[in-house]
Amino acid sequence: MGLLVEIADFSRFEAPDKYASFLGLCPWEDSSGPVIKTKGVQPRCNGHLRPLLVEASWKAIAKSAHCLLITANMQTKVVKRRSLK
């Protein structure tokens with residue numbers, strides 16, 4: 001409900017990437033020539049929506065066995081990458 005109230009009119013976004021940018025889900029990139037540095041998600045976003053999305057994601061993971069399995073696989077890959085460095 002919070003997403004609907006905060007957005008109000010989804011038609012104002014021309015494309016899904018515009019909506020993702022509004023939510024702050026697009027990667028923050030600092031590029032210069034051939035060098036591309038990504039810094040995670042953008043700090044500029046709607047401050048009310050990101051916590052709602054995080055909470056909704058955790059609820060979906062908790063209720064869906066498929067989402068839980070995907071999350072567990074991703075966490076295993078992250079741990080393996082960190083241990084290699």
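## A walk through the model

Start with the whole chain in cartoon view: the secondary structure of the protein chain comes to four helices and two strands. Keep in mind that this is a predicted model. Follow the ribbon from the N terminus, and the elements run α-α-β-β-α-α.

Before zooming in, switch on the surface. The accessible surface of the protein chain comes to about 7000 Å², and carbon and sulfur atoms hold 62% of that area. Of the 85 residues in the protein chain, 13% are buried. As for how the chain meets itself, take the contacts with a separation of 6 or more: 26% of them join residues 24 or more positions apart.

**Stop one: the core.** Select Ile7, Phe13, Leu23, Leu49 and Leu53 and show their side chains. These five residues make up the largest nonpolar core. The background here is that nonpolar side chains tend to be buried together in soluble globular proteins.

**Stop two: Phe13.** Keep Phe13, already met as a member of that core, and look around it. Which residues is Phe13 in contact with, leaving aside its neighbours within four places in sequence? The answer is Ile7, Lys18, Tyr19 and Phe22. Ile7 is a fellow member of the largest nonpolar core.

**Stop three: the rings.** Now add Phe10 and Tyr19 to the selection. Together with Phe13 they form one aromatic cluster. The count of aromatic pairs comes to two. One of the pairs is Phe10 with Tyr19: the ring centres are 5.5 Å apart and the planes sit at 65°, so this pair is edge-to-face, given that planes over 60 degrees apart get that label. Is Phe10 itself buried, partly exposed or exposed? With a relative accessibility of 37%, Phe10 counts as partly exposed.

**Last stop: a charged pair.** Move along to helix H3, residues 49-63. Leu49 and Leu53 from the core stop fall within that residue range, but this time pick Glu55 and Lys59. They form a salt bridge, and their closest N and O atoms are 4.0 Å apart. The count of salt bridges comes to one. In general, side chains of opposite charge can pair when their charged atoms come close. Why are these two about one helical turn from each other? Because Glu55 and Lys59 are four residues apart in helix H3. Put the surface back on to see how covered they are: Glu55 is partly exposed at 45% relative accessible area, and Lys59 is partly exposed at 48%.

How values were computed. Residues numbered from 1 in each chain as written. Predicted model: local features only at pLDDT ≥ 70, side-chain atom pairs only at ≥ 80, totals over all residues. Heavy atoms only, no water. Core = buried A, V, L, I, M, F, W, Y, C linked by side-chain atoms within 4.5 Å. Buried < 20%, exposed > 50% of the residue type's maximum accessible area, 1.4 Å probe, protein only. Contact = heavy atoms within 4.5 Å. Phe/Tyr/Trp six-rings, centres within 6.5 Å; stacked < 30°, edge-to-face > 60°. Areas by Shrake-Rupley, 256 points an atom, 1.4 Å probe, with all protein chains shown as cover. Salt bridge = Lys/Arg side-chain N within 4 Å of Asp/Glu carboxyl O.
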